[in-house]
Amino acid sequence: MEKKMKAVNTEGKLMIDVILSSEIIVDSYGKLTYAIKEAISAGEIEKLKQLHSKYLYFFENSLKRLNKSEKEFILRWIDY
């Protein structure tokens with residue numbers, strides 16, 4: 001049985017790095033939303049694009065949980 005990813009990363013990595021490097025499909029909007037918010041605050045545009053392409057459906061649904069400025073940041077940098 002595979003272990004689920006923890007929301008808190010003990011190695012000090014950004015959550016987006018953990019999700020992108022994981023072989024497990026992220027099935028929690030909370031983790032993905034947290035990773036998106038974290039990447040926006042760190043200015044990790046390329047990682048956001050990778051996350052968008054890897055988890056398109058979950059990424060799109062996670063946008064509902066972002067505030068207006070975060071959505072504008074995504075729309076500015078991610079091609080739809």
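## Helix 5 and its partners

Phe-73 is a buried residue, its relative accessible area being 14%. The model it belongs to is a predicted one, and this residue makes a handy place to start looking around.

Phe-73 sits in helix 5 along with Trp-77, four residues further on, or about one turn of the helix. The general rule for such a spacing is that an α-helix has 3.6 residues a turn, so residues three or four places apart point the same way. Trp-77 is partly exposed, though, with a relative accessible area of 37%, a value that falls between the 20% limit for buried and the 50% limit for exposed.

Now for the rest of helix 5. Buried residues here include Phe-73, and Glu-70 and Ile-74 are buried too. These three cover an arc of only 95° around the axis, which puts them on the same side of helix 5. Flip to the other side of helix 5 and there are exposed residues, namely Lys-68, Leu-75 and Arg-76. What do the buried residues of helix 5 pack against? Their neighbours are helix 2, helix 3 and helix 4.

Zooming out, the protein has five helices and zero strands. Read from one end of the sequence to the other, the pattern is α-α-α-α-α. The protein has 80 residues, and 38% of them count as buried. Its accessible surface is about 5,400 Å², and carbon and sulfur atoms account for 54% of that. How much of the contact count comes from residues 24 or more positions apart? Among contacts with a separation of 6 or more, the share is 56%.

One residue pair with a long gap in sequence is Phe-58 and Leu-32: they are 26 residues apart along the chain, yet their C-alpha atoms are separated by 7.6 Å. Phe-58 belongs to helix 4, which covers residues 56-62. With a relative accessible area of 22%, Phe-58 is partly exposed; the cut-off for buried is under 20%.

Next come the aromatic rings. How many aromatic pairs does a search of the whole structure find? It finds two. In one of them, the rings of Tyr-57 and Phe-58 have centres 5.6 Å apart and planes at 70°, so this pair is edge-to-face. Tyr-57 is exposed, at 57% relative accessibility. The other pair goes back to helix 5: the ring centres of Phe-73 and Trp-77 are 6.4 Å apart and the planes are at 50°, so this pair counts as tilted. The two labels differ because planes over 60 degrees apart count as edge-to-face, while those that are neither over 60 nor under 30 count as tilted.

Then there are the charged side chains. The whole structure contains four salt bridges. One of them brings together the side chains of Asp-17 and Lys-47, at 2.6 Å from N to O. This pair links distant parts of the chain, with Asp-17 in helix 1 (residues 15-21) and Lys-47 in helix 3 (residues 45-54), 30 residues apart. Asp-17 is partly exposed, with a relative accessible area of 22%, and Lys-47 is also partly exposed, at 22%.

Another salt bridge involves Glu-70 and Lys-37, whose side chains meet at 3.0 Å from N to O. Glu-70 lies in helix 5 (residues 68-77) and Lys-37 in helix 2 (residues 29-42), so the pair ties together parts that are 33 residues apart in sequence. Are the two partners buried or exposed? Glu-70 is buried, with a relative accessible area of 12%, whereas Lys-37 counts as partly exposed at 31% relative accessibility.

Lys-47 turns up again in a salt bridge with Glu-44, where the closest N and O atoms are 4.0 Å apart. Glu-44 counts as partly exposed, at 26% relative accessibility. Which residues end up in one network through shared salt-bridge partners? They are Asp-17, Glu-44 and Lys-47.

Notes. Residues numbered from 1 in each chain as written. Heavy atoms only, no water. Helix = DSSP H or I, 4+ residues; strand = E, 2+ residues; numbered from the N terminus. Buried < 20%, exposed > 50% of the residue type's maximum accessible area, 1.4 Å probe, protein only. Contact = heavy atoms within 4.5 Å. Areas by Shrake-Rupley, 256 points an atom, 1.4 Å probe, with all protein chains shown as cover. Arc of directions from axis to C-beta. Phe/Tyr/Trp six-rings, centres within 6.5 Å; stacked < 30°, edge-to-face > 60°.
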